[in-house]
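Please open the model in your viewer and display the backbone as a cartoon. The tour below proceeds from the overall fold to individual selections.

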Amino acid sequence: MEVIVDQDRCTAGGLCVMAVPEVFDQRDEDGIVVLLDANPPAGHHEAVREAVMICPAAAIRLKEDR
């Protein structure tokens with residue numbers, strides 16, 4: 001799994017950070033998403049998929065390994 005974020009779309013809601021703080025953070029100055037781990041371990045995949053679904057700005061995408 002590869003996580004891709006679009007900081008230009010991010011509305012700084014922070015839902016992704018609450019869902020998976022090991023993968024997402026927010027910039028202090030404006031709350032925009034910061035990607036901490038573009039290739040999270042399998043144990044975080046379900047939570048990352050949840051973060052994608054709950055992002056109000058659709059600023060997170062995934063490339064799934066096949």
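Helices (H or I, at least four residues) and strands (E, at least two) are taken here as DSSP runs, numbered from the N terminus. With that convention, this predicted model reads β-α-β-β-α-β along the sequence, which amounts to two helices and four strands. The radius of gyration is 11 Å, close to the 11 Å that the globule rule gives for 66 residues, so the protein is as compact as a globular protein of that length.

**The whole chain.** Select all C-alpha atoms and align the view to the principal axes: the atoms fill a box of roughly 35 × 20 × 15 Å. Among contacts with a separation of 6 or more, 55% join residues 24 or more positions apart. Next, display the surface. About 4,100 Å² is exposed, and carbon and sulfur atoms supply 47% of that area. Of the 66 residues, 32% count as buried. Colouring by charge shows 6 positive and 13 negative charges, whose mean positions are 9 Å apart.

**The core.** Which residues have the most contacts inside the largest nonpolar core? Select Val-3, Cys-16, Val-20, Phe-24, Val-48, Ala-51 and Ile-60; the core has 16 residues in total. Helix H1 (15–19) and helix H2 (45–54) are the elements that give two or more residues to this core.

**Val-3.** Centre on Val-3 and show its surroundings. Leaving aside neighbours within four places in sequence, Val-3 is in contact with Phe-24, Leu-35, Asp-37, Ala-38, Pro-40, Val-48, Ile-60, Arg-61 and Leu-62.

**Leu-62.** From there, move to Leu-62, in strand S4 (residues 60–63). Is Leu-62 buried or partly exposed? Its relative accessible area is 24%, and Leu-62 is therefore partly exposed, given that buried means under 20%. Beyond its neighbours within four places in sequence, Leu-62 is in contact with Met-1, Glu-2, Val-3, Val-48, Arg-49 and Val-52. Of these partners, Val-48 is 14 residues away along the chain, and its C-alpha atom is separated from that of Leu-62 by 8.8 Å.

**Two loop alanines.** Finally, inspect the backbone torsions. Most residues other than glycine have a negative phi. Select Ala-12, in the loop between strand S1 (2–5) and H1: its phi is positive, about 65 degrees, although the residue is not a glycine. Ala-12 is partly exposed, with a relative accessible area of 26%. Then select Ala-58, in the loop between H2 and S4. Ala-58 has a positive phi of about 55 degrees and is partly exposed, with a relative accessible area of 45%.

Technical notes: Residues numbered from 1 in each chain as written. Predicted model: local features only at pLDDT ≥ 70, side-chain atom pairs only at ≥ 80, totals over all residues. Heavy atoms only, no water. Core = buried A, V, L, I, M, F, W, Y, C linked by side-chain atoms within 4.5 Å. Buried < 20%, exposed > 50% of the residue type's maximum accessible area, 1.4 Å probe, protein only. Contact = heavy atoms within 4.5 Å. Rg over C-alpha atoms; globule rule 2.2 N^0.38 Å. Areas by Shrake-Rupley, 256 points an atom, 1.4 Å probe, with all protein chains shown as cover. Lys, Arg positive; Asp, Glu negative; His and termini not counted. Charge placed at Lys NZ, Arg CZ, Asp CG, Glu CD.
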